[in-house]
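Got a model open and wondering where all the labels come from? Let's go through them one at a time and check each against its cut-off.

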Amino acid sequence: MHVAYRDERERKHTLKYGEGCRKLYKNTGKKRGGLWWTYVLTLVFKIAVDGTFVYLIYHIYEGYDFPSLIKCEQKPCPNKVDCFISRPTEKRIFTIFMVVTSLACILLSFFEILYLVGKRCKECFTQIHQSRNSTIQSRQGVMASSLVIGGKNQMESNSLKLPSKDASAPSYTQVSISR
């Protein structure tokens, strides 16, 4: 539903600003921003509901075993009466099936959350790594171009000079730059 909303919003934006306008979304089908958070919170909610179900079934029936006979002493029964539960084995099998299914859903939802968070972390680290590499490459490009320009000027100025035997070693001075 969210993807259909994004597609419609993208279509209206294109109609308003024309075909050459900037896109609102890189890919309307990808889970980004609010859609990603909504999906993750839905999975967390699903885990909570399934976990609550498993917990309540366990505590209501004191385990997952249905007794075939219960002694009843509540109203409207005047005395202690034997109450038989009909088809306790079928109820036990069905309840165990529901509990196992809920536990499988909890496990799968948990793994899906781990996958989504891991994928998002990988994307973030990749972007950080790419931005660092592009910054380093641009710095190296600037340094290389300044060396080439500086090297050409130095070669041009020194191309006619030959070192003499009496030439002393160059002196290095420290320059302080104040800001």
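Q: What makes Glu8 and Arg11 about one turn of the helix apart?
A: Both sit in helix H1 (residues 2–17), three residues apart. Keep in mind that this is a predicted model.

Q: Why is the contact between Glu8 and Arg11 called a salt bridge?
A: The closest N and O atoms of Glu8 and Arg11 are 2.5 Å apart. The cut-off is within 4 Å, so the pair qualifies. In general, side chains of opposite charge can pair when their charged atoms come close.

Q: How do you know whether Glu8 and Arg11 are buried or exposed?
A: Neither word fits, because partly exposed covers the range between 20% and 50%. Glu8 has a relative accessible area of 31% and Arg11 has 42%, so both are partly exposed.

Q: How do you know that Glu73 and Lys80 meet in a salt bridge?
A: Their N to O distance is 3.8 Å, and the limit is 4 Å, so the pair counts. The structure holds four salt bridges, by the way.

Q: What makes Glu73 and Lys80 exposed?
A: Glu73 comes out at 57% relative accessibility, and Lys80 is at 57% too. Exposed means over 50%, so both get the label.

Q: Why is Arg120 said to form a salt bridge with Glu123?
A: Their closest N and O atoms are 3.7 Å apart, which is within 4 Å, so the pair passes. Arg120 and Glu123 both lie in helix H3, three residues apart. Arg120 is partly exposed at 22%, and Glu123 is partly exposed at 24%.

Q: What makes Arg120 lie over the face of Trp36?
A: Arg120 is 4.8 Å from the ring centre of Trp36. The distance limit is 6 Å, so that part of the test is met. The other part asks for an angle within 35 degrees of the ring normal, and Arg120 does count as lying over the face.

Q: Why is the pair of Trp36 and Trp37 called edge-to-face?
A: The centres of Trp36 and Trp37 are 4.9 Å apart, within the 6.5 Å limit, so the rings pair. Their planes stand at 90°, and over 60 counts as edge-to-face, so that's the name.

Q: How do you know which of these, Trp36 or Trp37, is buried and which is exposed?
A: Trp36 has a relative accessible area of 8%, under the 20% cut-off, so Trp36 is buried. Trp37 has 51%, over the 50% cut-off, so Trp37 is exposed.

Q: What makes the Phe110 and Phe111 pair tilted?
A: The ring centres of Phe110 and Phe111 are 6.2 Å apart, within 6.5 Å, so they pair. Their planes are at 50°, neither under 30 nor over 60, so the pair is tilted. Phe110 is partly exposed at 43%, as is Phe111 at 46%.

Q: Which residues make up the largest nonpolar core?
A: Five residues do: Trp36, Val40, Leu43, Ile113 and Leu116. H2 and helix H3 (88–158) each give two or more residues to this core, and H2 gives the most, with three.

Q: Why is Leu56 allowed in a surface patch?
A: Patch residues need over 30% relative accessible area, and Leu56 has 43%, so Leu56 clears that bar. Tyr55, Leu56, Ile60 and Tyr61 together show about 440 Å² of accessible area.

How values were computed. Residues numbered from 1 in each chain as written. Predicted model: local features only at pLDDT ≥ 70, side-chain atom pairs only at ≥ 80, totals over all residues. Heavy atoms only, no water. Phe/Tyr/Trp six-rings, centres within 6.5 Å; stacked < 30°, edge-to-face > 60°. Buried < 20%, exposed > 50% of the residue type's maximum accessible area, 1.4 Å probe, protein only. Patch = residues over 30% accessible without salt bridge, like charges linked within 9 Å, V, L, I, M, F, W, Y side chains within 5 Å. Areas by Shrake-Rupley, 256 points an atom, 1.4 Å probe, with all protein chains shown as cover. Salt bridge = Lys/Arg side-chain N within 4 Å of Asp/Glu carboxyl O. Core = buried A, V, L, I, M, F, W, Y, C linked by side-chain atoms within 4.5 Å. Helix = DSSP H or I, 4+ residues; strand = E, 2+ residues; numbered from the N terminus.
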